[in-house]
Amino acid sequence: MKPLLELNHISLSYHTPEGETPVLSDISFSIQQGEFAAIVGPSGCGKSTILNLISGLLRPEEGTISIDGKPLEESSLNIGYMLQKDHLFEWRTIYSNVLLGLEIQHKLTESSQARVDGLLASYGLEQFKKSRPSQLSGGMRQRAALIRTLALEPALLLLDEPFSALDYQTRLNVADDIGQIIKKEGKTALLVTHDISEALSMADRVIILSRRPASIRSVVPVELDIANRTPMTSRNAPNFKYYFNLIWKELNSHEYSSAVSVS
Ligand code: ADP
Ligand code: MG
């Protein structure tokens with residue numbers, strides 16, 4: 001099957017007045033349609049840089065990226081981006097926040113608006129349409145941010161440590177919530193995180209990066225012994241710890257590897 005996303009031998013350095021910083025070194029991986037993949041690696045290793053390349057904000061110095069078999073520059077497919085901060089505007093209501101992407105892209109039509117109404121209803125935000133972001137909990141805000149992203153019908157969702165601003169308890173619940181919505185909507189997703197448990201609880205496959213300049217240490221397909229897994233129930237799978245240790249060892253197998261979160 002043709003992968004939805006393919007990175008081939010990507011390398012990149014940042015050039016600053018202080019000199020050259022090699023960040024990515026020969027990164028290759030692909031993601032299948034409908035798959036939920038995660039990238040884990042130490043802070044500062046180049047995870048966000050990879051997402052910035054896939055979203056087209058940056059260009060690789062070497063290598064190619066293709067989406068649905070086409071070079072990234074030629075693809076017309078939408079790529080959604082979810083960040084640590086939800087970037088909801090306080091001066092807009094939740095409804096006008098979730099419609100914002102459609103508005104900007106001149107895609108606000110009766111049918112796209114109806115789709116957003118459906119998402120708000122399905123995911124419990126209908127009664128908050130007229131609320132301001134500050135009236136919602138952190139979890140509800142992330143849900144609104146996800147609906148704003150889904151409104152654009154992205155072929156691929158990029159998630160850059162989207163839960164790391166939340167406290168631990170909330171983070172588990174929000175990851176569970178967001179993970180289930182993404183699965184229900186049948187989206188292909190790529191999550192980056194420094195949190196092994198978070199990656200493992202959400203992903204079908206975990207890509208492990210080395211320290212900067214990041215290269216791929218290994219790719220681990222996750223097969224948890226649990227039926228109808230969700231991010232929350234995944235954590236109770238009998239072999240969750242096995243995978244955790246496997247990834248932990250891989251991340252720490254380098255003499256100079258830095259600490260990663262064990263939460
Ligand atoms: P991660 O998301 O894994 O924490 P990043 O991709 O944000 O890492 O950054 C990787 C490295 O590149 C870091 O050392 C960071 O300081 C550096 N870096 C990131 N963006 C820039 C930039 N625009 N210019 C120069 N260096 C950068
Ligand atoms: Mg980052």
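# Notebook: aromatic pairs, the ligand 1 shell and some backbone details

I began with a search of the whole structure for aromatic pairs, which returned three of them. The model I am reading is a predicted one, and I keep that in mind for every entry below.

**Entry on the aromatic pair in α9.** I looked up Phe 244 and Trp 248, whose ring centres are 6.3 Å apart and whose planes meet at 15°, so I put the pair down as stacked, the cut-off for that class being planes under 30 degrees apart. A pair of aromatic rings is described by the distance of the centres and the angle of the planes, and I noted both values for that reason. Where do Phe 244 and Trp 248 lie? Both belong to helix α9, which runs over residues 240-252, and they are four residues apart, about one turn of the helix. An α-helix has 3.6 residues a turn, so residues three or four places apart point the same way. I then checked how covered each of the two is: Phe 244 is buried at a relative accessible area of 13%, whereas Trp 248, at 30%, counts as partly exposed, because buried means under 20% and exposed means over 50%.

**Entry on a charge over a ring.** I also looked at Tyr 95, and found the charged end of Lys 129 sitting over its ring, 4.4 Å from the ring centre.

**Entry on ligand 1.** Which residues are around ligand 1? I listed Tyr 14, Thr 16, Val 23, Pro 42, Ser 43, Gly 44, Cys 45, Gly 46, Lys 47, Ser 48, Thr 49 and Arg 212. Sorted by class, this shell holds four nonpolar, six polar and two charged residues. I went on to the elements that contribute, and found that β1 (5-16) and α1 (47-54) each supply at least two residues of the shell, with α1 giving the most, namely three residues.

For the contacts themselves I wrote down three distances to oxygen atoms of ligand 1. A backbone N or O atom of Lys 47 lies 2.8 Å from one such oxygen atom, a polar side-chain atom of Ser 48 lies 2.8 Å from an oxygen atom of the ligand, and a polar side-chain atom of Arg 212 lies 2.6 Å from an oxygen atom of the ligand. The protein covers 61% of the 570 Å² of accessible area that ligand 1 has on its own.

**Entry on α1.** Since α1 had come up in the shell, I asked how many of its residues are buried. The helix is mostly covered, with six of its eight residues buried, and these are Lys 47, Thr 49, Ile 50, Leu 51, Leu 53 and Ile 54. Just after α1, I noted that Gly 56 takes a positive phi of about 85°.

**Entry on the backbone after β9.** Arg 212, already listed around ligand 1, is joined to Pro 213 by a cis peptide bond, with omega about -10°. Pro 213 is in the loop between β9 and β10 (216-221). In strand β9 (residues 205-209) I looked up Leu 209, which is buried at a relative accessible area of 1%. I also took its C-alpha to C-alpha distance to Ser 13, which is 16 Å in space for two residues that are 196 apart in sequence.

**Entry on positive phi outside glycine.** I found His 87 with a phi near 50°, a positive value in a residue other than glycine. His 87 sits in the loop between β6 and α2 (94-98) and is partly exposed, with a relative accessible area of 42%. Glu 153 likewise has a positive phi near 50°, lies in the loop between α5 and β7 (156-160), and counts as partly exposed at 47%.

**Entry on Asn 78 and Ile 147.** Is Asn 78 buried or exposed? At 18% relative accessibility Asn 78 counts as buried, because the cut-off is under 20%. Asn 78 is in the loop between β5 (70-71) and β6 (79-82), and its side chain reaches the backbone oxygen of Leu 152 at 3.1 Å. In helix α5 (residues 138-150) I looked up Ile 147, which is buried with a relative accessible area of 0%. Between Ile 147 and Thr 16 I noted a separation of 131 residues in sequence and 37 Å in space, C-alpha to C-alpha.

Technical notes. Residues are numbered from 1 along each chain as its sequence is written. Chains are lettered from A and ligands numbered from 1 in the order in which they are written. This is a predicted model: local features need pLDDT of at least 70, side-chain atom pairs count only at pLDDT 80 or more; totals for chains, interfaces and linings use all residues. Side-chain values use heavy atoms; hydrogens and water are left out. A residue is near a molecule or strand if one of its heavy atoms lies within 4 Å of it. A polar contact is a pair of N or O atoms within 3.5 Å; within protein, one must be able to donate a hydrogen and the other to accept it, and residues adjacent in sequence count only if both atoms are side-chain atoms. Accessible areas come from the Shrake-Rupley method with a 1.4 Å probe; for residues, only the protein chains shown count as cover. Ala, Val, Leu, Ile, Met, Phe, Trp, Tyr, Cys and Pro count as nonpolar, Asp, Glu, Lys and Arg as charged, and the others, Gly among them, as polar. Rings of Phe, Tyr and Trp (its six-membered ring) pair if their centres lie within 6.5 Å; planes under 30 degrees apart count as stacked, over 60 as edge-to-face and the rest as tilted. Buried means under 20% relative accessible area, exposed over 50%, partly exposed in between (1.4 Å probe, protein chains only). A charge sits over a ring if NZ of Lys or CZ of Arg is within 6 Å of the ring centre and within 35 degrees of the ring normal.
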